[in-house]
Amino acid sequence: MRKLPIRSAFVLSALLASAAWSATATPLGDTVVVHAGEVIVRPGEVLKDVDILIIDGVIRRVEAGLEVPEGAKEITGAVVCAGMIDPWSVLGVQSVEVAFTAASPATRTADSLNPFGHEFQKKQALRSGVTSARVQAARRAMVSGLCSVVSLAPSSDEDFVARADAALSVSIGLTNPASGGTTFVVNPDGTFVVRASGPSAMDTFERIAQVDKVASLLASGRTYRIAQNEFVHDMAKWKEGIEEKVKELEKDFKKAKKDRDKEIEEAKEKGKEFKEERYKEDKTPQAPKFDADKEILAKAVNGEIPIVVEVHRVAEIRYLLEATAPFGRLRMVIAGGTEAGAFAEQLAARKIAVIVNPQARGASAYDEFDGHDAALAGVLAEAGVDVLIGSGGQTAGATRDLPLLAAMAVGEGMEADAAFAAITSGPARVFDLSDRGAVEFGKQADLLILDGQPLSTTTTVQTVLVGGRIVVEPKE
Amino acid sequence: MIATLSLFALSLSPVPHPAPRADKLVVYAERAYTAPGVVVTDALITIQDGKITHVRGGARASSADLRATCVTAGLVDMGFRYSSNQNTVEQSSEVTAAARIAPALDLHARGWERALRQGITTVAAFPVDRNVVGGMGAVLKTGGEPTLEARLVRADAFLRGSMGSSPSSGNRPSGTRPTNFYARRPTTRMGVEWEWRKAFYDAWQEESRGDADRPGRAELLRALSGETPVFIQAWATQDIRTAVFLAEEMAAEGMGTMRLIIGSGAEAWREPDLLVRSKAAVCLPPLPAAGRTTENAFMSMDTAAKLYEAGIPVALSAHSGYGSGNTLAEQAVYARRGGLPFDAALTAVTTMPARLLGVSDRVGTIDLGQDADLVLWNGTPFEFTTRPVGVVLDGTPLVGGETDR
Amino acid sequence: MLQLALLLVAPAAASDVVVVRADHLYLGHGEPIENGVLVVSDGKVTAAGVGVKAPAGAVVIEHEGWVTPGLFGAFTMDGIGSERRDDTRPLMPEARIVHSLRPRTAALARNLRAGVTTITINPDTGRPCSGASALVKTHGAKVVDAELQLCLDISYGAVKADEHPTSLASLRELLDDVLSEGAGSFGRAASGELPVIIRARDRQSLRAAASLAKGHGLRGAIFGSYWAEELVDEVAASGLGVVCDPVGVATNHRALRSVLALAAGGVDISFGLVTPANPPENLRVGAAMCVREGLDPNIALAAMTGTAAKVSGAGDQAGIIAVGRDADFVLWSGSPIELSSSLEEVWVDGHRVHGGDDE
């Protein structure tokens with residue numbers, strides 16, 4: 001990209017200061033009215049010829065014939081839809097963090113995020129229509145920690161991370177090139193595949209053992225939470241007991257005091273040590289020792305935050321479903337799920353969402369992707385699984401191509417509405433982002449103004465609004 | 001009074017590749033060091049069609065497009081390395097006198113721009129010194145259109161080669177089965193010198209016998225006769241001696257009087273008499289941070305001064321100029337600190353390398369008819385507190401290019 | 001999407017005439033024809049265009065979608081396993097990659113399922129001249145041309161440390177010399193009879209490739225477009241087409257800009273398939289990404305079909321729907337540039353070989 005000639009230090013510093021934020025952003029507090037030929041409120045719900053009123057970055061009205069308030073900025077567009085959300089991204093996570101393997105459940109991706117990182121890729125992604133992303137570091141570690149949801153065009157530092165603890169992430173059976181290596185294995189018919197070799201190579205039993213580890217981590221989280229709850233009960237009971245005992249003792253206080261004084265004297269005379277009588281109420285219930293990791297695991301087990309599990313092969317998926325069945329409140333999301341097509345019904349029944357990366361794989365892909373099925377997204381969606389589409393959580397630049405990935409899924413059999421939901425309302429729902437993913441009252445004004453349907457190759461994203469501010473202007 | 005160009009503009013503006021300007025450019029400097037020993041105060045330098053057309057003193061700044069405190073001619077670095085990549089040298093044979101680097105230069109490499117920003121406008125380009133005789137070197141400008149046509153100043157300016165251990169490091173006899181040609185190449189200094197001598201002897205004998213021509217022979221003969229200078233890398237005393245003895249032997253055999261330039265001659269100060277006797281010139285490498293250069297050669301700040309005092313033609317060089325403290329101007333600063341007079345320092349980075357490379361008709365001084373290659377400084381050049389704030393190459397301001405108009 | 005085939009179960013026999021009427025018929029060049037008709041007989045195209053009459057007794061297929069020529073995959077290394085290149089000598093112009101091809105490779109079937117009916121199989125680059133490529137049909141691994149292009153490499157990839165040439169200068173000199181000498185395949189390349197494909201990886205080698213071609217009057221293609229953005233004029237002046245580095249999800253923006261710059265500069269472009277490392281589905285993905293970036297959709301379509309064949313020197317043998325040519329075509333639910341379009345049927349030599357109700 002050619003740099004613009006810089007005329008003076010002042011211009012330079014001003015540009016630097018505003019580089020992360022769009023220089024043309026409409027400040028918060030302004031009123032914006034979007035006149036739309038067609039609004040895709042959510043996939044399957046389309047309104048024609050309506051206006052959208054935005055005040056303070058929030059959508060207040062979506063109706064026809066709106067009266068435009070004075071001073072409002074007006075934008076006209078053929079098609080308006082919600083900004084897309086990439087549920088499987090690494091924008092803002094530097095590559096060394098992506099490769100980090102010493103993570104634990106309490107490791108927070110938010111701590112490693114660089115608000116100015118991947119500047120160019122973020123702009124590209126915005127231009128494509130992606131306004132938010134769930135980002136994750138340490139993908140190759142078995143337990144990656146907590147992932148975050150970020151806005152790709154924040155108005156300030158504080159806005160950058162929308163959810164610091166969006167979900168717990170784990171991965172099962174991923175090839176780790178750093179620890180071992182990969183070899184090309186040439187098949188007799190002349191095709192070749194990439195296999196892990198060395199310490200990173202795991203056989204099926206080792207991968208299943210990873211599922212066991214994850215399950216036992218979850219169990220330890222549950223035990224921890226149970227212990228915490230028990231402590232609360234015990235504490236309450238103890239306090240009750242103390243009160244009762246105190247009441248009891250108050251009645252016989254004088255007598256008890258006399259008895260006690262007598263005993264002290266006796267002991268002194270006899271030269272014995274006076275032992276205080278111990279009541280069982282003296283012993284305070286012990287709080288379970290604080291454990292940051294178990295706190296997070298407990299949250300996941302309790303369903304307070306979802307758990308994203310990247311897993312690809314049939315054996316591990318089968319065992320994962322079995323091992324996590326006892327955790328009734330677990331909100332599981334499978335990422336990748338290359339061979340999950342075989343479990344579509346189970347996944348639908350247990351309301352497990354699946355983040356699919358529809359990209360085709362060449363022979364140089366790792367062996368966990370061997371079972372790639374281009375029709376996966378469609379197959380799962382048809383069975384009733386909540387399908388999300390993500391860019392793979394490996395390369396920052398891939399988020400830019402999210403709408404194309406959704407289009408690919410359609411080409412392989414997914415319904416167009418389901419594919420669009422997979423990158424808008426789906427991620428919002430699964431990751432508790434109640435303020436985005438649809439164009440309706442109360443939601444944050446993350447909008448795309450397009451000249452055609454969002455998943456079409458020939459459509460241009462003309463304007464992008466994030467929080468009601470214009471962050472992408474139409475190209476001249 | 002003087003509006004020097006913004007430093008930010010210097011460090012951040014890109015180096016554009018515009019076509020050479022046909023229109024006029026006027027440069028004002030409080031002091032213009034037009035040639036060693038010549039200072040023009042309140043100088044106005046007029047440039048047209050990429051050449052210097054007029055220089056006069058006692059002028060006013062108001063009519064100038066560019067203004068600076070001081071101006072010198074663009075610096076010339078004859079020891080420049082734009083790349084350390086071994087794909088610049090043909091190692092399948094020890095002596096490749098006919099190899100020419102110019103057509104294969106990567107003019108998009110960052111090293112050129114880096115040199116330009118340091119005020120170096122003309123450089124010598126030659127293969128990495130991994131061969132005994134690497135090939136013919138060329139002289140190029142460091143800026144302008146990234147094509148050979150636009151940048152080449154002189155092709156076949158010198159024959160480049162090396163003494164010492166750099167051609168032989170990496171060569172090992174391979175034991176039972178040689179798997180590549182590295183087993184045939186010289187493994188010691190002795191072998192390297194042998195290759196030089198063999199190359200010259202063979203060329204000479206073939207010529208005398210009237211043998212059919214082969215690639216490289218003509219180049220070696222031109223080197224022998226002194227028509228083309230021989231630029232031999234020799235860091236340590238023993239290698240400098242070897243180079244000089246080789247030249248002397250060739251002369252003694254009646255095969256010709258070579259024009260010797262010792263490249264990276266860090267320990268040349270140990271053999272001043274030998275060098276004077278041989279009439280060799282020395283191109284010094286950059287001052288080593290810890291006192292010793294490659295090949296453990298010892299060099300200090302007064303090395304240049306010592307050579308100068310002995311009457312040996314000396315040029316300074318910054319090699320790749322990577323990192324601060326390593327620019328060519330800074331080599332001149334160290335040399336001055338070591339006792340080299342200002343004019344000799346200016347000579348060592350302008351007129352001397354230009355003369356040794358055979359391009360003094362075009363570069364090295366600010367004079368009528370010379371290429372309009374100028375460096376604009378924010379103070380007296382070759383002081384630690386001074387840096388280049390603008391560079392004009394072939395009449396186009398390529399660094400700090402915004403004019404004051 | 002509907003198929004009102006008169007013969008529902010049995011595939012069309014070779015002697016039957018098949019007529020396909022499509023909402024859009026794209027011939028591999030120019031603009032798509034609305035309501036186009038394609039007539040196929042004995043494995044060849046006998047008519048294509050508008051207002052073409054269906055002969056009596058013909059099987060008529062009404063297709064609500066697009067029909068395009070089978071896609072052309074330039075520069076693949078399918079079916080040759082690890083025998084991609086012979087490293088004994090830097091110049092092996094008479095080596096033919098076709099002899100390394102294992103015909104029953106599964107890779108070709110995958111290409112076919114992605115709509116790619118013809119590919120070039122190339123020896124790996126990394127030597128000044130690694131041999132001759134082959135033109136192969138993915139259905140049945142039929143070798144159409146056993147010596148399609150002479151494969152050269154003028155980039156730093158062809159420079160090795162332990163054999164001649166070890167320097168870029170002598171690499172260039174070597175190629176210059178052999179082309180000037182003009183023996184064997186080099187002679188046929190220099191005379192323009194045998195097209196070349198020259199690997200370039202950076203600006204320096206792009207320049208060198210263009211100047212080598214210009215200097216020796218070579219025809220053919222450069223493979224390697226990543227840095228071409230800045231050198232469009234030189235590439236255009238060389239007369240060579242460009243096989244672009246494959247574009248896929250997350251491909252760097254510079255790569256996209258280079259493709260657009262070349263197209264804007266009037267250079268014939270094609271997308272490199274580079275299977276099996278790269279998935280064949282990326283041919284369409286790359287085209288779609290370039291269109292989204294601003295490439296003319298018709299140029300993108302041509303870069304997968306007619307122009308692709310032309311750039312690889314196979315313009316007379318593959319890539320377009322024209323009278324007398326092999327009837328290799330694909331039925332899509334919409335434009336192949338739209339990734340939401342799905343591939344429905346692939347026909348090779350007038351037979352349906354993939355897709356449709358039979359499968």
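How do strand β6 and strand β7 of chain A pair, in the parallel or the antiparallel sense, and over how many bridges? In this predicted model, β6 (residues 130-135) and β7 (residues 143-151) of chain A run antiparallel, and 4 bridges hold the pairing. One of the pairs puts A:Ala133 opposite A:Val150, its bridge partner in β7(A).

Those two strands belong to a bigger picture in chain A. There, 8 strands line up as an open sheet in the order β5-β6-β7-β8-β11-β12-β13-β14, with mixed pairing. At the edges sit β5 (84-89) and β14 (387-389) of chain A, each with pairing on one side only. Going from one strand to the next, the twist averages 25°.

Chain C has an open sheet too, this one built from 4 strands in the order β5-β6-β8-β9, and its pairing is mixed. The edge strands here are β5 (71-76) and β9 (142-145) of chain C, which pair on one side only. Ignoring direction, neighbouring strands of this chain C sheet are turned against each other by 30° on average. Inside the sheet, β6 (residues 116-121) and β8 (residues 134-137) of chain C run antiparallel and are joined by 4 bridges. C:Ile121, for instance, has C:Ala134 in β8(C) as its bridge partner.

Chain C also touches chain A. The contact draws 32 residues from chain C and 30 residues from chain A. On the chain C side, two elements give two or more residues each: α1 (106-113) and α7 (282-293). Of these, α7(C) gives the most, with 6 residues. Sorted by class, the side of chain C that touches chain A has 15 nonpolar, 12 polar and 5 charged residues.

Moving on to chain B, the domain assignment splits this chain into domain 1 (7-74 + 366-399) and domain 2 (76-357). Taken over C-alpha atoms, the centres of the two domains of chain B are 30 Å apart. Where they meet, domain 1 of chain B puts in 21 residues and domain 2 of chain B puts in 23 residues. The side of domain 1 that touches domain 2 takes at least two residues from each of β1 (25-35), β4 (66-73), β14 (388-393) and β15 (396-399) of chain B. The largest share, 3 residues, comes from β14(B). By class, that side of domain 1 of chain B comes out as 14 nonpolar, 4 polar and 3 charged residues.

Chain B offers a helix pair as well. Helix α4 (residues 189-209) and helix α5 (residues 217-225) of chain B pack with their axes 9 Å apart, at an angle of about 105°. Angles of 65 to 115 degrees count as roughly perpendicular, so α4(B) is roughly perpendicular to α5(B). From α4(B), the residues in the contact are B:Ala199, B:Phe200, B:Ala203, B:Trp204, B:Glu206 and B:Glu207, and they meet B:Arg217, B:Leu220, B:Leu221 and B:Leu224 of α5(B). This contact has 7 nonpolar and 3 charged residues, with no polar ones.

A word on confidence rounds this off. The model scores an ipTM of 0.90 and a pTM of 0.85. The average pLDDT of chain C is 92, and 95% of the residues of chain C score at least 70. Residues 1-14 of chain C, however, have a pLDDT below 50, and this stretch makes 23 contacts in the model beyond near neighbours in sequence.

Technical notes. Residues numbered from 1 in each chain as written. Chains lettered and ligands numbered in written order. Predicted model: local features only at pLDDT ≥ 70, side-chain atom pairs only at ≥ 80, totals over all residues. Axes fitted to C-alpha atoms, helices over the stretch in contact; angles between N-to-C directions. Parallel < 35°, antiparallel > 145°, perpendicular 65-115°, else oblique. Contact = placed C-beta atoms within 7 Å. Nonpolar A, V, L, I, M, F, W, Y, C, P; charged D, E, K, R; others polar. Domains from an automatic or database assignment. pLDDT = per-residue confidence, 0-100. Pairing = 2+ DSSP bridges.
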